There are 2 protein chains.
Amino acid sequence: MMAAVFDSAFKIVGRCRKKTQTEAGATEQRLYTVISEAIADAKVDKVLGIGLGSPGPLDPNTGVIIDTPNLKWKNFPLAATLQKKFKVPVVVDNDVNVGTYGEWRFGAIKNCQNVIGFFPGTGIGGGLIINGKLLHGFSGAAGEFGHMTVQLDGPFCGCGKRGCLEAVASRIAIAEQVIALAARGDAPNILRDCGTDLAKVRSGALAKAIRAGDTMVEDVVRKAAYYMGVAVANMINAVSPEAVVLGGGWVEAMPELYLEEGQRAVKYHAMPFLRKGVKIVPAKLGDNAVAMGAAHLIAERLAEGLI
Amino acid sequence: MMAAVFDSAFKIVGRCRKKTQTEAGATEQRLYTVISEAIADAKVDKVLGIGLGSPGPLDPNTGVIIDTPNLKWKNFPLAATLQKKFKVPVVVDNDVNVGTYGEWRFGAIKNCQNVIGFFPGTGIGGGLIINGKLLHGFSGAAGEFGHMTVQLDGPFCGCGKRGCLEAVASRIAIAEQVIALAARGDAPNILRDCGTDLAKVRSGALAKAIRAGDTMVEDVVRKAAYYMGVAVANMINAVSPEAVVLGGGWVEAMPELYLEEGQRAVKYHAMPFLRKGVKIVPAKLGDNAVAMGAAHLIAERLAEGLI
């Protein structure tokens, strides 16, 4: 959990970061603490509003979290709760949306009207900016790129259906293959660092093993990144963005690999007329993307007098 | 080629329809004739503007057709040419976009802010309405749903790549399987009506064979319709529309089959939270959808004073 305080030029003037607590009720308390300490750190007299990126699904209009099993929130009125606590307007949006928004407002894809963001990791989050606005769609939860089907009758996904992008390209899909390689003696660096424990295979260990020469590990990750690229290509064909931003911890750990495979897949699977001139770029704000995007969102709402 | 003249209440007061001519230069002449005869048919004194749906890719901002091999148009300034000829403002957009727009403005999906249209046939066209506006995207050609990859390393598509939706779900993909069934004696009604000639297998012959009891033909078409449904589900996950309209000659010939398979695929492949409450409906304007959509587009532009 991270909170940052921004001045009117969007410069960070205070921050706080703490491990998320997930016992029922503890999440909110921890959230209050992190926000309060960031404000204290900034030594400001007045906070004008709070913007927040949260796991979803959630309703961005009301700021109600529909269901986040990891945080034990179900129909939880997050925006209203924070508004009551801190006595300022609050806007809540999906964390990946907000991250895409931050990269768009402050990162490598400024001034593009149509942008999509892919954030592969434990899941594969997505965000869309269409005609200069975050797209929420009818449900409020547009951007579930991780659950687009890329392999009909493919392996099971955590969502219960088969063949989702996440089922072939997210952390567990990669880790299960890499662990099998380690068990067979084909991934010596993974075996040394993670044993054969799927839970220990994370982006850092993979990047290290690839640098150290585990070529079959590299092949597994490249294939997953290529699958992600197929989904990127499908979205280019469907909505014709001007830029695609690839972000999150996995892309940060292996930016060249993800960019190369993403570009390779787009070159094959996107129509020439639609992929022409499309920028595919790595995110550049890292952990700050969500905070910066959320700060800009609340600033915009305040400026428009919407809340 | 069809032209219709609308009064200010969008009632059709005149029309003309002729077979498209495809020799170089003849297309334009035929277009002038069809428009002129529709105006004569309407007996109106004054035409305020012309809206037009054309095969693409095209640039909807300039009205230039980039490349339509069937009509022998390459970088052809269609809007400017018609404007000069008829001395009124002209707006040109992709035919499937305009058809989706017509169904949205006048058909079964009025008042929805986010809509996608799928029009399977010889190709599989698509259109998106996002936040109440047709989406063109960066290239101007958003909505190429037919070239989204649904089967990695699948059969070849007319576009030259493998595994596109069109490669498994459009007319030729269906016809090649049905002809093989006919040759083996497994599709007696197709054999009687089409022989084993792929070019003769069209939606009408398929619908008739299915009604007459060619069960393996039905299975082939259902599988193609299901593939289309997977792409619909992917778009629901990605952009979260409120409604999906299925149209074109194939859906008109077999509406129940396409709706059933579309809904079945969406139920499995779209996330419950995103598919909840989404209307999946057949187009209801038939051939008039493009004309009505185009008429509304030019009326809007005139009202906004944009041209």
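How many salt bridges are counted between chain B and chain A? The count is 0, and the legends below walk you through what the predicted model shows instead.

**View 1. The two chains of this predicted model meet face to face.** On the side of chain B, 45 residues are in contact with chain A, and they touch 44 residues there. Together the chains bury about 3,600 Å², and 67% of that area sits on carbon and sulfur atoms. If you would like names to look for, start with Phe138(B), Leu152(B) and Phe273(B). These three supply 19% of the area that chain B buries against chain A, more than any other three residues.

**View 2. Polar contacts cross the interface of chain B and chain A.** While salt bridges between the two chains number 0, the rule finds 18 residue pairs in polar contact across the interface, with both residues at pLDDT 80 or more. Four elements of chain B each give two or more residues to the side that touches chain A: strand S9 (124-130), helix H8 (215-239), helix H10 (255-269) and helix H11 (272-275). H8(B) brings the largest share, with 7 residues. Sorted by kind, the residues on this side of chain B come to 25 nonpolar, 15 polar and 5 charged.

**View 3. A turn of 180 degrees lays chain B on chain A.** The shift along the axis is 0.0 Å, and the RMSD of the fit is 0.0 Å. That is the relation of a two-fold axis. Of the interface residues of chain B, 98% are also interface residues in chain A, so the copies meet through the same surface.

**View 4. A cis peptide bond can be found in chain A and in chain B.** In chain A, the bond runs from Gly56(A) to Pro57(A), and its omega is near 0 degrees. Pro57(A) belongs to the loop between strand S3 (50-54) and strand S4 (58-59) of chain A. Turning to chain B, the cis bond joins Gly56(B) and Pro57(B), with omega about 0 degrees. Here Pro57(B) lies in the loop between strand S3 (50-54) and strand S4 (58-59) of chain B.

**View 5. Asp153(A) has a positive phi.** The value is about 65 degrees, although Asp153(A) is not a glycine. To find Asp153(A), look in the loop between strand S10 (133-134) and helix H4 (165-169) of chain A.

**View 6. Confidence scores accompany the model.** Chain A averages a pLDDT of 95, and 100% of its residues score at least 70. For the model, ipTM is 0.95 and pTM is 0.95.

Definitions and conventions: Residues numbered from 1 in each chain as written. Chains lettered and ligands numbered in written order. Predicted model: local features only at pLDDT ≥ 70, side-chain atom pairs only at ≥ 80, totals over all residues. Heavy atoms only, no water. Contact = heavy atoms within 4.5 Å. Buried area = accessible area lost by both parts, 1.4 Å probe. Salt bridge = Lys/Arg side-chain N within 4 Å of Asp/Glu carboxyl O. Polar contact = N/O pair within 3.5 Å; in protein donor to acceptor, adjacent residues only side chain to side chain. Nonpolar A, V, L, I, M, F, W, Y, C, P; charged D, E, K, R; others polar. Least-squares fit on C-alpha atoms with pLDDT ≥ 70 in both. pLDDT = per-residue confidence, 0-100.
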